[in-house]
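Here's a quick briefing to read alongside the coordinates. Pull up the structure and follow along, topic by topic.

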Amino acid sequence: MKNKIIVMLFLGGLFILLILAGLPSPASAHHSPACLITRAKDSPKLPSPTSAQAPEEKLFEIKARNFVFTPNVIQVNQGDLVRIRLISEDVHHGLYLDGYEIQTSALPGQEGTLTFVANKTGRFTFRCSVTCGEFHPYMVGYLVVEPNSPFFIYVFLTIALALANLAFVVLRRS
């Protein structure tokens, strides 16, 4: 009877881990279709101690106009090389990225650029850093940096394998 309980607990835990590993994270609902994903052919791969898949180079073109960034939500994976082109369509605008402490600005007809490695996971606010009018404080957007899913899937599978070995040893001794 005790062996059956252990096996049932193990299988239930394994089932829950597999379900959780297959679910998308809540931040993936904010994926921006304006994202252009490219891989630099001549650039070396960037090291990332927590990523199981190779980082990618992601290029975003953010347009600033009438107190709005378009797109206002961009999504990347941890370890990705992120390039942002800021294009102002009306007046002088800036872009300051909280958490990474970097900024750029663009005059009408010109563009500003940012390049950085997304090494911190979470949701980071970017805001206009140049006073551009009365609704300037509301000109915000978000950078969502998700952890690499394959890394966590491997961790869950390793834990499941360890639990299976433990259950096998316990059953074998009984």
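## Salt bridges first

Glutamate 89 and lysine 63 pair up through their side chains in a salt bridge, at 4.0 Å from N to O. Glutamate 89 sits in the loop between strand 5 and strand 6 (93-97) while lysine 63 belongs to strand 2, so this pair ties together parts that are 26 residues apart in sequence. Keep in mind that this is a predicted model.

**More on the charged pairs**

- Both ends of that pair are partly exposed: glutamate 89 has a relative accessible area of 39%, and lysine 63 comes in at 33%.
- The structure has 6 salt bridges in total.
- As general background, side chains of opposite charge can pair when their charged atoms come close.
- Lysine 58 and aspartate 80 form another of these bridges, with 3.4 Å from N to O.
- Here lysine 58 is in strand 2 and aspartate 80 is in the loop between strand 4 and strand 5, so the contact ties together parts that are 22 residues apart in sequence.
- Are lysine 58 and aspartate 80 buried or exposed? Lysine 58 is buried, at 8% relative accessible area, and aspartate 80 is buried too, at 3%.
- Arginine 85 and glutamate 111 also meet through their side chains, at 3.0 Å from N to O.
- Arginine 85 lies in strand 5 and glutamate 111 in strand 8, so that salt bridge ties together parts that are 26 residues apart in sequence.
- Glu61, Arg85 and Glu111 are joined into one network by salt bridges that share partners.
- Arginine 85 counts as partly exposed, with 27% relative accessibility, and glutamate 111 is partly exposed at 42%.

**Overall layout**

- The protein has 2 helices and 10 strands.
- Reading from the N terminus, the order of elements is α-β-β-β-β-β-β-β-β-β-β-α.
- Of the 174 residues in the protein, 32% are buried.

**Strand 5 and its partners**

- Strand 5 (residues 81-88) is mostly covered, with 6 of its 8 residues buried.
- Strand 2 (residues 57-65) runs parallel to strand 5, and the two pair over 8 bridges.
- Within that pairing, leucine 59 has arginine 83 of strand 5 as its bridge partner.
- Strand 8 (residues 111-117) runs antiparallel to strand 5, and 7 bridges join the two.
- For leucine 81, the bridge partner in strand 8 is valine 117.

**The five-strand sheet**

- What is the strand order in the open sheet of 5 strands? The order is 4-10-9-6-7, and the pairing is mixed.
- Strand 4 (73-77) and strand 7 (102-106) stand at the edges; each has a single partner strand, so one side of each is left without a neighbour in the sheet.
- From one strand to the next, the twist averages 20°.
- Strand 9 (residues 122-127) and strand 10 (residues 140-146) pair in the antiparallel sense, with 6 bridges between them.
- Phenylalanine 126 has glycine 141, in strand 10, as its bridge partner.

**Cysteines**

- The model has 0 disulfides.
- Cysteine 128 is in no disulfide, and its nearest cysteine sulfur, the one in cysteine 132, is 3.9 Å away.
- Why is there no bond from the sulfur of cysteine 132 to that of cysteine 128? The sulfurs are 3.9 Å apart, which is too far for a bond, because a disulfide calls for two cysteine sulfur atoms within 2.5 Å.
- As for burial, cysteine 128 counts as buried at 5% relative accessibility, and cysteine 132 is buried with a relative accessible area of 15%.

**A nonpolar surface patch**

- Val155, Ile159, Leu163 and Leu166 make a nonpolar patch of about 310 Å² on the surface.
- One of these residues, isoleucine 159, is placed in helix 2 (residues 149-173).
- Isoleucine 159 counts as partly exposed, at 40% relative accessibility.

How values were computed
Residues numbered from 1 in each chain as written. Predicted model: local features only at pLDDT ≥ 70, side-chain atom pairs only at ≥ 80, totals over all residues. Heavy atoms only, no water. Buried < 20%, exposed > 50% of the residue type's maximum accessible area, 1.4 Å probe, protein only. Pairing = 2+ DSSP bridges. Helix = DSSP H or I, 4+ residues; strand = E, 2+ residues; numbered from the N terminus. Axes fitted to C-alpha atoms, helices over the stretch in contact; angles between N-to-C directions. Patch = residues over 30% accessible without salt bridge, like charges linked within 9 Å, V, L, I, M, F, W, Y side chains within 5 Å. Areas by Shrake-Rupley, 256 points an atom, 1.4 Å probe, with all protein chains shown as cover.
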